[in-house]
Amino acid sequence: MNWLNAIIQGVLVGGLYAMYATGLSVSFGVMRLVNLAHGDLAVGSAFIASTFCLATGLSPFLAIFVVLPLSALVGIGLQVAVFNRVVGVDPSYQIVATFGLSIAIQNVLLQQYAANPRALNIGDFGNRSLKLVGDDVVIGLFPLSRFVVAVLVLVLLSLFIGRTRIGRAFRATSDDPDIARLMGVNIRFIYAVAFAIAVTTVALAGIFNGMQTQFSAADGPALLIYAFESVIIGGLGSLWGTLCGGIILGIAQTIGAEIDPGWKQLIGHLVFLIVLLVRPMGIFGKDELR
Amino acid sequence: MSLLEVRNLSAGYGQFQALFDISLNLNEGAAIAVIGANGAGKSTLLKSIAGVVDVIFGEIIFDGESIVNLQPHERLNRGIALVPEGRRIFRSLTVDENLSIGAYSRRQGVWNRELVYEVFPMLAKLTDRRADKLSGGEQQALAIGRALMSNPRLLLLDEVSLGLAPIIVKKLYEILPRIRATGCSLIYVEQDTNQALSASEYAYCLLEGQVSLEGKPSDLSREQIASAYFGIGVNK
């Protein structure tokens, strides 16, 4: 067994999980909305990227630049059409609306793309790796760059929320939406921006996932679970906590897989449950968005 | 000249009507008090002026124009700012950030960060402190400062004295004339009548959602006020 390698791979996978989770963290932090269609939006984006690549013959990396602006628009559209109606009312409406959206997206994907899995082909780049510590540790170039991008996204988002005028309005809205409105904050605009960010980040995560493994129309809920677990382990509303949560989940899974390949998922879920028992507010849990 | 005129206002929350046929007038630069017991409708009145409560019937005229159909942020842009009951500062933001949100509307005027810190020196040394770490008096000062950052023409003060030590209340009320001196009109809502009455030229007393008494504070006797406040026949 090679523990060091397992841990490093876990950290790299954790970056991807954190990116899945970022959008959930933001939408919960700003508007107390739990979006059950989060994973399906990731899968949908991967399918759209795949369609783009098949139609144009261009690299999936270029597809990112097409899909992400589209995702932002989809996010704003969903906020205006669906979520503005369920924010700030009885949470059961949110569950019904987002669960319904999840089913709708899955079925549209199934109808459009059938049940066959797809993948985004990034060619040779997916196979290149760096060998360290006398060949004991193998770091794939793609997982490494994916991790770097994930951290970069979190740094930018954290600067945006911490330092800008709109970011301040995000936090004020999170603290007290009624008073934020009274201060002249257009909270519908804030919600639309928050949701655009949520969908864009999860779309990027979905494409990154599709560059490494196959995906199919029904994969969304499984991705949602990883995102949830990362957010809860790290602590609701804390972006850096979400990164740590993703990394802890990733390490738990790779160590589980190192013990027995069948244990990958199991150990991940167990670690999640242990955190939930021992520290229900999560490792960095505070009642705020930072 | 009249800055704010409320005509025959009825308002409430959903099925529940809290205000019945309220009329009041506020001249530019003046200060008026709205007093009354808990549940009399004082906060609802301020909230309907600020735009966060549904108006059932009646008119609210601000600076010669009806504002009944305007959103809260549109009313703020015209110069109506509310200091809400219970202070409701943004807890996870610093003092400085709270003031920045107050200035979110970008209304121009004399008020800025420096002037707020000058008027409320207790805030000046706490600029980077998280708002939930402030004392009650400091939070109230911050709530007023935050509202001032929008350079209001009309400042609505909802229960400034609530839950604060008398000495702190006195201190805050000493600052209010400075706010008026900038040309800002004030409406005080208080359960504790003395401070509010002594700081204003005209007073309205609410009882069960209706105006039970109005007049200049100097013309109103203690008995009249007690009767209008509690709704019992003291002055038989």
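How do the axes of helix α2 and helix α9 of chain A cross, and within what distance do they come? In this predicted model, the axes of α2 (residues 38–56) and α9 (residues 220–234) of chain A come within 7 Å and cross at roughly 120°. The two helices, α2(A) and α9(A), are therefore oblique to each other, and their crossing is right-handed.

If you would like to find this contact on screen, look on the α2(A) side for H38(A), G39(A), D40(A), A42(A) and V43(A). From α9(A) come G220(A), P221(A), A222(A), L223(A), L224(A) and A227(A). By class, the contact of α2(A) with α9(A) has 7 nonpolar, 3 polar and 1 charged residues.

Now to the place where the chains meet. Here 20 residues of chain B are in contact with 15 residues of chain A. On the side of chain B that touches chain A, α2 (72–78) and α3 (95–102) of chain B each supply at least two residues. That side of chain B divides into 10 nonpolar, 7 polar and 3 charged residues.

Chain B also has backbone details worth a look. D63(B) and E208(B) each have a positive phi although neither is a glycine. The table sets them out.

| Residue | Phi | Loop in chain B | C-beta neighbours within 10 Å |
|---|---|---|---|
| D63(B) | about 55° | between β4 (54–62) and β5 (65–66) | 16 |
| E208(B) | about 45° | between β9 (202–207) and β10 (210–215) | 14 |

With 16 such neighbours, D63(B) counts as partly exposed. E208(B), with 14, is partly exposed as well.

Methods. Residues numbered from 1 in each chain as written. Chains lettered and ligands numbered in written order. Predicted model: local features only at pLDDT ≥ 70, side-chain atom pairs only at ≥ 80, totals over all residues. Contact = placed C-beta atoms within 7 Å. Helix = DSSP H or I, 4+ residues; strand = E, 2+ residues; numbered from the N terminus. Nonpolar A, V, L, I, M, F, W, Y, C, P; charged D, E, K, R; others polar. Axes fitted to C-alpha atoms, helices over the stretch in contact; angles between N-to-C directions. Parallel < 35°, antiparallel > 145°, perpendicular 65-115°, else oblique. Left-handed = near helix turned anticlockwise from the far one by under 90°. Buried ≥ 20, exposed ≤ 12 C-beta atoms within 10 Å, placed from the backbone.
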